[in-house]
Amino acid sequence: MTTRHAVISGASIAGLSAAFWLRRTGWEVTVLERAGAFRDGGQNVDVRGTARDVLTRMGLFDAVKAQNTTETGTVFVDSSGRVLAELPDAGPDGATAELEVLRGDFAATILRALPDGVEIVYGDTVSGVEDGSEHITVSTAAGRRLRADLLVIAEGVRSTTRDLLFAEVERRDLGVAMVFGTIPRTANDDTRWRWYTTTGGRQVHLRPDNHGTTRAMLACTGDFGGFDRADALSRFRDRYADAGWESRRVLDGFDVSEDVYVDQLTQIRMPAWHRGRVCLAGDAAWCVTPMGGGGASLALISGYVLAAATAAPGRIEDGLAAYEEWMRPLVDDVQNFPGWLLRFAYPRTRFGLRLRRLADRAFTSRLLAPLTAKITQVAASDRELPPAPVSPRRS
């Protein structure tokens, strides 16, 4: 029997998870990545719910845990840095998860563990796809022509290949912009995620990392899409001129940081994640945004479920339908958060801020802490993971 060949476009968590599991179940795998080299860095991600089981099956639980950011908890602070409330410790899937790592560290751990024979091509992208009766042909910008039985698009929320091949893509702008970056650590930084909310729909976040620096984020309501880094940071500086706490330090740090990233939060919703021998995985299919949470966990799970669904002989299309059927409930559970959550998270007025702080104290009280803890329980399923037969030649 001819070995089936999968082409994966995108080498972040979803693409690498798919590469790992498809190779383990007997596929030949080629990964195309737009960037010229592996993309390190990035902000906090975590491994929750069913993704913990997937990580264990990969044999990577301890390796990922060893990359822990050193974060020990999550607190809400006021403009002087005084703690107003602390989110309850909800075990391994709390606000600060047991497996709390940086995106780059997480992806690098999977990359190092890829089975022999996975080919990764950097600096190239999909330029076209031709459907055949028994296979597809993937053309790339660098002039490659790859015959494949399956194309997995894992390029992220703004995937160009998805937009080339799928007509029905709903982009739901949440009306929130975030700017992330790495700044120098100071003596006043500690091991907690410190979360500051103020009027005007603005937040400031500081989180420790395991590299001797601090990961910072500014988040606010509004539209910052379409601006380059300099213009976006200028607009954030204007918006945060009177925000207080550590906002000036963060903006000064962003001016010289090498890994600043601005994102207009946009959910991706689609009626189908597969067409013929092509499927979507991760943010390209269902970006849940940081408002929903669990994006990295869903990306990791998707690679396993995809490989399990397509491991048995038969029509690729049937396997892709089974993959989507298994993943949909997990994604829907995260994407469909209530509309009032945005207004609550980003109060505009002093009155709204007072209500927010009262609610924070109430929901972190001993009485309501068990209910609050459930908010962080994402990417979890009561269903058993489907079995993924491992090819003896690939294990």
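Begin by selecting Leu22, Leu55, Phe106 and Leu300, which, of the 81 residues in the largest nonpolar core, touch the most other members. Then add helix H10, residues 295-310, to the selection, for this helix gives the most to the core, with 10 residues. Keep in mind throughout the tour that the model is a predicted one.

Centre the view on Leu22 and display its surroundings: leaving aside neighbours within four places in sequence, Leu22 is in contact with Ala6, Ile8, Trp27, Val29, Leu150, Val152, Leu306, Ala307 and Thr310. Apart from the largest core lies another one, of 21 residues, and to find it you can select Val75, Ile183, Leu218 and Phe224, which are among its members.

**The whole chain**

Zoom out and switch to a cartoon, where the secondary structure of the protein comes to 14 helices and 18 strands. The radius of gyration is 21 Å, close to the 21 Å that the globule rule gives for 395 residues, so the protein is as compact as a globular protein of that length. Turned along the principal axes, the C-alpha atoms fill a box of roughly 65 × 45 × 40 Å. If you colour by accessibility, 58% of the 395 residues count as buried, while the protein exposes about 17300 Å², of which carbon and sulfur atoms supply 51%. Among contacts between residues at least 6 apart in sequence, 74% join residues at least 24 apart. Colouring by charge brings up 48 positive and 50 negative charges, whose mean positions are 3 Å apart.

**Leu99 and Asn44**

Next select Leu99, in the loop between strand S5 (83-86) and strand S6 (100-102). Is this residue, Leu99, buried or exposed? Leu99 has a relative accessible area of 0% and is therefore buried. Show the residues around Leu99 and, not counting those up to four places away in sequence, you will find that it touches Val45, Asp46, Val47, Arg52, Leu55, Phe61 and Lys65. For one of these partners, Lys65, a C-alpha to C-alpha distance is worth drawing, since Leu99 and Lys65 are 34 residues apart in sequence and 5.5 Å apart in space.

From there move to Asn44, which has its place in strand S3, residues 44-46. With a relative accessible area of 15%, Asn44 is buried, because the cut-off for that class is under 20%. The partners of Asn44, again without residues up to four places away in sequence, are Thr69, Glu71, Glu100, Val101, Leu102, Arg207 and Arg215.

**Helix H7**

Now select helix H7, residues 247-256, and pick out Ser247, Arg249, Val250, Leu251, Gly253 and Phe254, which are buried. Against which elements do the buried residues of H7 pack? Bring up strand S12 (170-184), strand S14 (202-208), strand S15 (213-221) and helix H6 (229-239), as the buried residues of H7 pack against these elements.

**Val288**

The last stop is Val288, in the loop between helix H8 (283-286) and helix H9 (289-292). Val288 is buried, with a relative accessible area of 1%. Leaving aside neighbours within four places in sequence, Val288 is in contact with Gln267, Asp283, Gly293, Gly295, Leu298, Val334 and Gln335. To finish, draw the distance between the C-alpha atoms of Val288 and Arg269, which are 19 residues apart along the chain and separated by 8.9 Å.

Key: Residues numbered from 1 in each chain as written. Predicted model: local features only at pLDDT ≥ 70, side-chain atom pairs only at ≥ 80, totals over all residues. Heavy atoms only, no water. Helix = DSSP H or I, 4+ residues; strand = E, 2+ residues; numbered from the N terminus. Buried < 20%, exposed > 50% of the residue type's maximum accessible area, 1.4 Å probe, protein only. Contact = heavy atoms within 4.5 Å. Rg over C-alpha atoms; globule rule 2.2 N^0.38 Å. Areas by Shrake-Rupley, 256 points an atom, 1.4 Å probe, with all protein chains shown as cover. Lys, Arg positive; Asp, Glu negative; His and termini not counted. Charge placed at Lys NZ, Arg CZ, Asp CG, Glu CD. Core = buried A, V, L, I, M, F, W, Y, C linked by side-chain atoms within 4.5 Å.
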